[in-house]
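Here is a brisk tour for a reader new to this structure. Keep the sequence and the 3D view at hand.

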Amino acid sequence: MDVKSVPSDRYRIDRLSEPQQDLLGTLDDFIAEVRAEGPYVLGFPGNLDFSYSRLSGLLDIFVNNVGDPGSSEKSSVSAKAKAMERAVVDFVAELANADPRGIYGYVAGGGSEANQFGLDRGCTLLPEARVYCSTAAHYSIRKSARLMRKELVVVPCDDQGRIDPDALARECRRDAGRGAVVVATIGTTMTGVIDDVDAIIGAGAATGRVYVHADAALGGLIVPFTIERQSWGFARHEVGSVAVSMHKGLGMPVPCALAMCRSELVDPRVQGEYVGATDSTLGCSRSGLATTLLWYALANKGMTGLAHNARRALDMAEYTAEKLADAGLRPELHPSSIIVVFDRPAEWICRKYHLATEGARAHIVTVPHVSERVIDELHGDVLRSLP
Ligand SMILES: *Cc1c(COP(=O)(O)O)cnc(C)c1O
């Protein structure tokens, strides 16, 4: 449904003198609409294949994970929620090839915050460094650089869509002795391409010391189950921080992400004054709801469930690429990626399937709620729409 077609008065708070029944009815309608649309949301990376209604009791309690997950707590409520948070961080750190004992992490509000956390750690370590990313990096990187008043060097991509190591090396040679903070995108937003971290490290060497922040917002729960399994993330010691969105690959009713860095990069003296906890996070109050749901989802799926999710998404990407090739839309699918990029179809098809578009191309992200049935329906619609 087109949001603009909703009369703007419909949700105005000061007009709501109606009985409560109508308020709940309004939300019931909203829920029904969102759920009906779900199977057709193909262009955005949020996995909608989840259900947490069994845990609705969490909506009647308040859980606030203020401060570091590892810091002491006066309240037993937060102590338990933070123990769950630490378990989540340990689990995801292992997925990212780290020994959890050497990793600091927390549940952030989303991938953008997790990116900013990582870049801030890198820029604190190397205060003279410029920040480098490719033209395909997520716009949250530009936002973070702006907030930190850091110079951002945007480097072109090579013919495979990865940050171009030669162009990066040229820029880095101008910065000898300053160090470099480089963003490696592990699955770019538009095409799912994975940057070559070894090439980045090689190119950055001209600056002296390279700090790599891995933006794995999209790929963080996929690449651990591909040929990248042993080499990505903290496997390379130059990688100081990793960000992984959880509402994308895992499926969550609230946005959230894991912000992680090597423990030696956080300063344990940073105190949240009145909360009685140390606090190296970027916020203050943090969602205990997100943390407890995340703990449940990861524990419930386990490694086997996550591997199954990733496999299903990768297979569905191949299936989608085959169907779109058959429909003549020239699909492109990169290794270890769940994004299929193809020629932009008719406008009504873009709307019906919520396709993300950029110029003459569109994309589908085959997160686990994307089904063969809907891809087949899209295939039929595309064939029908051709002159
Ligand atoms: C989605 C995305 C982000 C932002 O994550 P949010 O959780 O939506 O804030 C950052 N980087 C990449 C590569 C992404 O795909």
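## Around H213

H213 touches A114, N115, G118, L119, V182, V183, A184, S241, V242 and A243, leaving aside residues up to four places away in sequence. The model is predicted. H213 sits in strand β5, which covers residues 210-215. Is H213 buried or exposed? H213 counts as buried, because its relative accessibility is 0%. Its side chain also has a polar partner. The side chains of H213 and N115 are joined by a polar contact of 2.8 Å.

## The ligand and its shell

Which residues come nearest to the ligand? Of the 14 residues around the ligand, they are G111, D215, S245, H247 and K248. Three side chains can be listed by their polar distance to a ligand oxygen.

| Residue | Distance from a polar side-chain atom to a ligand oxygen |
|---|---|
| T189 | 3.1 Å |
| S245 | 2.8 Å |
| H247 | 3.4 Å |

On its own, the ligand has 380 Å² of accessible area, and the protein covers 87% of it. Two elements, α3 and α7 (246-249), give two or more residues to the shell around the ligand. The largest share comes from α3, with 3 residues.

## Helix α4 and its buried face

In α4, the buried residues are S140, I141, S144 and A145. How do they line one face of the helix? Seen down the axis of α4, the buried residues fall within an arc of 140 degrees, so they line one face. What covers these residues includes α3 (111-125), β2, β3, β4 (180-185) and β5. Strand β5 is also where H213 lies. Just after α4 comes R149, with a positive phi of about 55 degrees.

## Salt bridges

Side chains of opposite charge can pair when their charged atoms come close. How many salt bridges does the structure hold? The structure holds 20 salt bridges. Three of them are described here.

Take E151 and R130. Their side chains meet in a salt bridge, at 2.8 Å from N to O. This pair links distant parts of the chain, 21 residues apart. E151 is in the loop between α4 (139-147) and β3 (152-155), while R130 is in strand β2 (residues 130-134). The two ends differ in cover. E151 is partly exposed, with a relative accessible area of 45%, whereas R130 counts as buried at 4% relative accessibility.

Next come D315 and R311. Their salt bridge is 3.3 Å from N to O. Both belong to helix α8 (residues 288-326), and because they are 4 residues apart, about one helical turn separates them. D315 counts as partly exposed at 41% relative accessibility. R311 is partly exposed too, with a relative accessible area of 40%.

The third pair is K352 and E377, with side chains that meet in a salt bridge of 2.8 Å, N to O. K352 lies in helix α9 (residues 347-352) and E377 in helix α10 (residues 372-385), so the pair ties together parts that are 25 residues apart in sequence. K352 counts as partly exposed, at 27% relative accessibility. E377 counts as partly exposed, at 25%.

Some salt bridges share partners. Such bridges join R130, E151, E171, R174, D175 and R178 into one network. The pair of E151 and R130 described above has both its residues in this network.

Terms used
Residues numbered from 1 in each chain as written. Predicted model: local features only at pLDDT ≥ 70, side-chain atom pairs only at ≥ 80, totals over all residues. Heavy atoms only, no water. Buried < 20%, exposed > 50% of the residue type's maximum accessible area, 1.4 Å probe, protein only. Polar contact = N/O pair within 3.5 Å; in protein donor to acceptor, adjacent residues only side chain to side chain. Contact = heavy atoms within 4.5 Å. Salt bridge = Lys/Arg side-chain N within 4 Å of Asp/Glu carboxyl O. Arc of directions from axis to C-beta. Near = heavy atom within 4 Å. Areas by Shrake-Rupley, 256 points an atom, 1.4 Å probe, with all protein chains shown as cover.
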